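Biologist: Could you take a close look at one part of this model for me, and then walk me through the cysteines as well? I would love a connected account.

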Amino acid sequence: MPEDHDWEAYKVPPTRTPVSERTTSVPNPVNYFQTAFNYVFDAPVTFVREWIERLQNKNKFYYYHQKFRRVPDLSECLEGDYLCYYEAEAQWRRDRMVDQQIVEIVQERMAACRQREGPNQFQNCAKEMELLAQVTKAYQDRYGELGYHGNARTCLMKQKHRMMEERKAAQEKEQS
């Protein structure tokens, strides 16, 4: 910018903010209301909140890293042990939610790869496609056809029937 610029076109702001001059000697009542509000409402609430925060900072507990202990599988529960049945059912539900999240994450990665690669998706996203196929097959083998009301017992029975079919197929393959 040249040295001889137009001071009227580009006005420089004042270097100091001017002090407002009071035109009356009567005090402003708003200041009294603000001070009263601060001492009556704001200060006690702030004190209590800071006190509670100090107590909470001493005992921090992070919920998002909660680790559940592994409980026995439904096949390991004794007959009539309803508490074990309940814990195994809860464990199965947690495992199912984890497996659903794994499938969703792999699907999101696949979609991101397809979006990123465009027409070259079939050759550049082959690893993601293979991983998605493996994960969905594993999920379908374990939880497929259970429906909305599936539970640990029906899942266990499905796995038992699948193992029996695999054994039967292996025996027939050996005999022929």
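Biologist: Is T23 buried or exposed, and what is its relative accessible area?

Modeller: Happy to help! This is a predicted model, in which local features need pLDDT of at least 70 and side-chain atom pairs count only at pLDDT 80 or more, while totals for chains, interfaces and linings use all residues. Residues are numbered from 1 along each chain as its sequence is written, and side-chain values use heavy atoms, with hydrogens and water left out.

T23 is exposed, its relative accessible area being 82%; the cut-offs are under 20% for buried, over 50% for exposed and partly exposed in between, with a 1.4 Å probe and protein chains only. T23 belongs to the segment before α1 (29-58). Helices here are DSSP runs of H or I with at least four residues, strands are E runs of at least two, and both are numbered from the N terminus. From the C-alpha of T23 to that of A126 the separation is 80 Å, and these residues are 103 apart along the chain.

For the wider setting, the domain assignment gives domain 1 (28-63) and domain 2 (82-147 + 154-175), with bounds that come from an automatic or database assignment. The C-alpha centres of the two domains are 52 Å apart.

Now to the cysteines. Searching the whole structure turns up 2 disulfides, each defined as a pair of cysteine sulfur atoms within 2.5 Å. Counting bonded cysteines along the chain, the pattern is 1-2, 3-4.

One disulfide links C77 with C84, at an S to S distance of 2.0 Å. Its angle about the S-S bond is -75°, a left-handed link, and both C77 and C84 are buried.

The other pair is C113 and C125, whose sulfur atoms lie 1.8 Å apart. Here the S-S angle is -95°, and the link of C113 and C125 is left-handed. C113 sits in helix α2 (residues 82-117), whereas C125 is in the loop between α3 (121-124) and α4 (126-143), so the disulfide ties together parts that are 12 residues apart in sequence. C113 and C125 are both buried.

That leaves C155 to consider. The closest cysteine sulfur to that of C155 is in C77, 14 Å away, which is too far for a bond. C155 counts as buried because its relative accessibility is 2%. T23, where you asked me to start, is exposed at 82%.
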